[in-house]
Amino acid sequence: MAFGTCTAKTSTVITMYTTNLIIGGTKGDNGDRGPALRGPQDWNALPTSYYFYQGAEGETYKDVVLYGGNFYSCIKTHNKQSGVVPTNATYWQLADKVEIVASKILLATYALIQNLGASAIEMKDPDTGQTLFYAKDGTVSCKVGIFENVTVSGTVKGVTGSFKWLDCVDSSGNVVGRICASTSAYGGIAFESVDMVHQGTKDGRSLRFYSSDIWCRGGFGAHHLNVAVVNGSTIKYYTKGPAESTYESKTMTSHTGDGKTYYDIELYSGMSGDASGFPVDLVIINHTYDNYAYRLVGATGKKVTVICSNDYHGADIAFIGGWLGMNGGEARPFVYVGSHYSPTTSRVGNGWFALEGYDNNWG
């Protein structure tokens with residue numbers, strides 16, 4: 001068979017195909033699988049007890065190492081402890097270097113590259129074909145991975161995850177506190193060595209801290225109480241604090257019982273919007289007519305102070321003893337004990353206990 005001469009004027013990929021050639025008989029059995037290429041590995045990082053294999057018959061591996069910036073292939077099996085370095089031609093063979101490889105697709109079982117410049121990098125799951133890592137145009141997407149001792153700067157956006165602790169640092173990088181999982185018997189999140197500050201405004205009001213229960217084991221002070229103002233059948237909830245010109249209002253529900261028509265003063269607002277769930281600590285009844293009666297509506301353990309702020313007009317308040325007539329100018333606290341009393345009654349104000357009051361009487 002004669003071979004011609006081929007001169008390539010452009011980069012060309014040449015693929016060679018072979019078929020089984022059978023001479024004088026049938027196809028023989030497949031031979032044993034040869035040794036697997038192991039490496040390239042960093043020679044300096046391997047322990048002295050490491051064995052290098054040449055890939056001879058019966059050996060599992062054929063070793064390739066990186067040493068002094070070059071690749072060497074093992075040609076004689078030996079132990080690294082023998083003191084042989086890869087430049088020893090008796091045990092190692094210097095691998096060929098190629099300065100530039102131009103290829104549209106490069107397939108390799110393993111590649112060790114000292115410096116890599118690429119416009120895009122993609123890694124796929126060999127079983128599912130799903131892209132696990134992708135980097136292109138300054139954007140990196142990683143589906144799975146373990147990152148240790150990572151320093152991140154800029155903006156971090158999280159979806160879900162976990163942490164053992166987070167150090168809180170000031171603008172100078174000084175650690176001023178820590179957020180961590182509490183190791184106490186109560187569990188939960190602990191804020192260590194740092195004051196919690198929750199200040200500012202939103203929608204024209206102070207920021208709120210919503211909680212189902214608060215157990216305060218130290219001092220507890222309030223800048224002001226939550227106020228509701230009653231005038232006849234209308235109640236106004238002052239949801240933005242001392243801002244007396246801003247409130248949410250509604251007409252109270254009326255009922256008839258114990259010989260009176262009365263209105264419900266809801267101490268935990270059932271309204272929607274900004275007044276939703278607004279808890280009331282102070283009820284100010286300020287109207288210009290007598291003969292109004294009210295029932296307080298709250299949960300067991302609720303304590304509220306009621307003030308008739310017009311010295312000339314009082315109001316009737318339902319309590320466990322029936323109707324308590326409050327004078328104009330009188331202030332009195334009430335506590336709701338729910339069903340924790342005896343003997344039971346069927347009055348409108350069941351469960352509400354009136355505490356000592358005082359009539360200021362200035363009119």
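Isoleucine 265 is in contact with Val230, Ile235, Met252, Val283, Tyr294, Arg295, Leu296 and Val297, when its neighbours within four places in sequence are left aside. The model in which these contacts are found is a predicted one. Ile265 also belongs to the largest nonpolar core, which has 29 residues. Within that core, the residues with the most contacts are Ile265, Val283, Ile285, Tyr294, Leu296 and Phe334. Another core lies apart from it and has ten residues, among them Leu46, Val65, Val84 and Tyr91.

From the cores the description may pass to the strands. Strand E15 comprises residues 227–231. Four of the five residues of E15 are buried, and the strand is therefore largely enclosed by the rest of the structure. Strand E15 is joined by five bridges to strand E16, residues 234–238, and the two run antiparallel. One pair of bridge partners consists of valine 230 and isoleucine 235, the latter in E16. Together E15 and E16 make a hairpin with two residues between them. In the turn of this hairpin, glycine 232 has a positive phi of about 65°. Strand E15 also pairs with strand E20, residues 282–285, here in the parallel sense and over four bridges. For valine 229, the bridge partner in E20 is isoleucine 284.

A further group of strands forms an open sheet. Its five strands follow the order E18-E19-E21-E23-E24, and their pairing is mixed. Strand E18 (254–257) and strand E24 (322–326) each have a single partner strand and stand at the edges, so one side of each is left without a neighbour in the sheet. From one strand to the next, the twist averages 40°. At one of these edges, E18 is joined by four bridges to strand E19, residues 260–266, and these two strands run antiparallel. Serine 254 has tyrosine 263 as its bridge partner in E19. In a regular strand, side chains alternate between the two faces of the sheet.

There remains the open space in the model. What volume lies in the largest pocket? The space in the largest pocket amounts to about 1,900 Å³. Its lining is made up of 42 residues, and Phe209, Phe220, Asn226, Pro279 and Asp281 are those that lie nearest the centre of the pocket. Strand E14 (205–206) and strand E15 each supply at least two residues of this lining. Strand E15 thus appears in several parts of this account: it pairs with E16, it pairs with E20, and it contributes to the lining of the largest pocket.

Terms used: Residues numbered from 1 in each chain as written. Predicted model: local features only at pLDDT ≥ 70, side-chain atom pairs only at ≥ 80, totals over all residues. Heavy atoms only, no water. Pairing = 2+ DSSP bridges. Axes fitted to C-alpha atoms, helices over the stretch in contact; angles between N-to-C directions. Buried < 20%, exposed > 50% of the residue type's maximum accessible area, 1.4 Å probe, protein only. Core = buried A, V, L, I, M, F, W, Y, C linked by side-chain atoms within 4.5 Å. Contact = heavy atoms within 4.5 Å. 1 Å grid on protein atoms, 1.4 Å probe; cavity = no way out; pocket = protein on both sides within 12 Å on 5 of 7 lines; lining within 4 Å. Points joined across faces, edges and corners; volume = space filled by probe spheres on them.
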